[in-house]
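Biologist: I'm new to this one, so could you pick a single part and walk me through it slowly? I'd like a close look at one spot and whatever connects to it.

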Amino acid sequence: VSIVFMCRDITNQHYLEGAMKSAFIDTEFPASSSFIKKTFYDIGQISEYWQWTYGPMIEALNDLTKEEEVYIMGTTRIIDSVRLRQLRVKSDSCQITSKLSPFFGVCYSAWSEKHNERDPFGPDDNPTKYVYSETDSPSYWGKLGTIYPSSGYLTDLSYNPITATQKLQELEADNWIDESTRVVFVTISAFSPNLNSFISMVFVVEFHPSGFIIPSSQWRPFPANLYLVSVDYFRLVLEIVFAISLVGWVANTLSNIVNAHRRGISFINWIFTFWNLVDVLNKCFFLIVTIWYIVFLVRLRRFRYTVIDINQGVTNSEVEYLGQLWNNIFT
């Protein structure tokens, strides 16, 4: 078990994550927009969020090598587009004391499924410009303890940094982020051919009703191929042996349950015997992880063929899903 799950070289994924953090998280805002040192985690106002998008985010995407391709730091190719997504709340999502209500026409609560806004919004000259959409991305557990769904108001940026900057300026001019906004996601998926690794990056900024802003990020690097060298194939043999053994262990447990029933011992009494409970939970744990691992292998194999051509429908959600699945297996 130790060899199967722990004998893996994750050096490439470690350095890939570090390089991306250096580009997006640790890079300071341009001096023209901030007179003190400020990075992503220092965002405390809506204006500073836009400064980060114009500065470190766009600067990291400025290596335009082809019309339809862009690389981060010249080595890691963007997959799909850079996607902005936000969730909003309704303007009547909380109650104001009756004596004060005449002075305050609207009230924006913390985000919840009950108060989630789904109606279109936009500037005065186009009030239905931005519409609510569903995606296949995984849900996100925010720093405020809220589990955010994969839906929201979406905006995809162009591969061209100049066009992307113009789109960001349009969003800022339209007050795309306002008092109704509760969380904004920036999702970037990429592939490093030098390291044979994918990475899913999600930059999140949550807006508390008090006005407090909480930035956070999620990093999910994973290898593009698990079996490349002789050590990998040795591990593959051990994985097969482990899977066969697991089937035998499960069959043995089922046999014990049947035998206990024949002796007049109910399943409840049998399962709540301490060591029986430990044994069943242990095997369930291994069974779930093994199923996840097989699903990961199958989906990764299918995904590798679609990523060769960026126009074959590769989406951020596929990279996010694989990254989350890989993280779950080894966490």
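Modeller: Let's go to the second largest cavity, whose lining is made up of Leu-61, Val-70, Ile-78, Asp-80, Ser-81, Val-82, Leu-157, Ser-158, Tyr-159, Pro-161 and Ala-164. Keep in mind that this is a predicted model: local features need pLDDT of at least 70 and side-chain atom pairs pLDDT 80 or more, while totals for chains, interfaces and linings use all residues. Residues are numbered from 1 along each chain as its sequence is written, and side-chain values use heavy atoms, without hydrogens or water.

A cavity here is a set of points on a 1 Å grid where a 1.4 Å probe fits but cannot get out, and lining residues have an atom within 4 Å of a point. The structure has two cavities of 30 Å³ or more, and the second largest holds about 50 Å³ of space, counted as what probe spheres on the points fill.

Who builds the walls? β3 (76-88) and α4 (161-173) each bring at least two residues to this lining, with β3 giving the most, four residues. (Helices are DSSP runs of H or I with at least four residues, strands runs of E with at least two.) By class, the lining splits into eight nonpolar residues, two polar and one charged; Asp, Glu, Lys and Arg are the ones counted as charged.

Now follow β3 sideways. Five bridges tie β3 to strand β7 (residues 152-157), and the two run antiparallel; strands pair if DSSP finds at least two bridges. One contact to look for is Gln-86, whose bridge partner in β7 is Tyr-153. β7 has another antiparallel neighbour, strand β4 (residues 132-133), joined to β7 by two bridges. There, Ser-133 has Gly-152 of β7 as its bridge partner.

Stay with β3 (76-88) and look at two arginines. Arg-85 is among the residues lining the largest cavity, as is Phe-185, and that cavity holds about 100 Å³ of space. Its lining has four nonpolar, five polar and two charged residues. Both β8 (181-192) and α8 (316-329) supply at least two of its residues. Arg-85 also lies over the face of Phe-185, 4.1 Å from the ring centre; for an Arg, that call takes CZ within 6 Å of the centre and within 35 degrees of the ring normal. Arg-88 does likewise with Phe-121, lying over its face at 3.8 Å from the ring centre.

Notes
1 Å grid on protein atoms, 1.4 Å probe; cavity = no way out; pocket = protein on both sides within 12 Å on 5 of 7 lines; lining within 4 Å.
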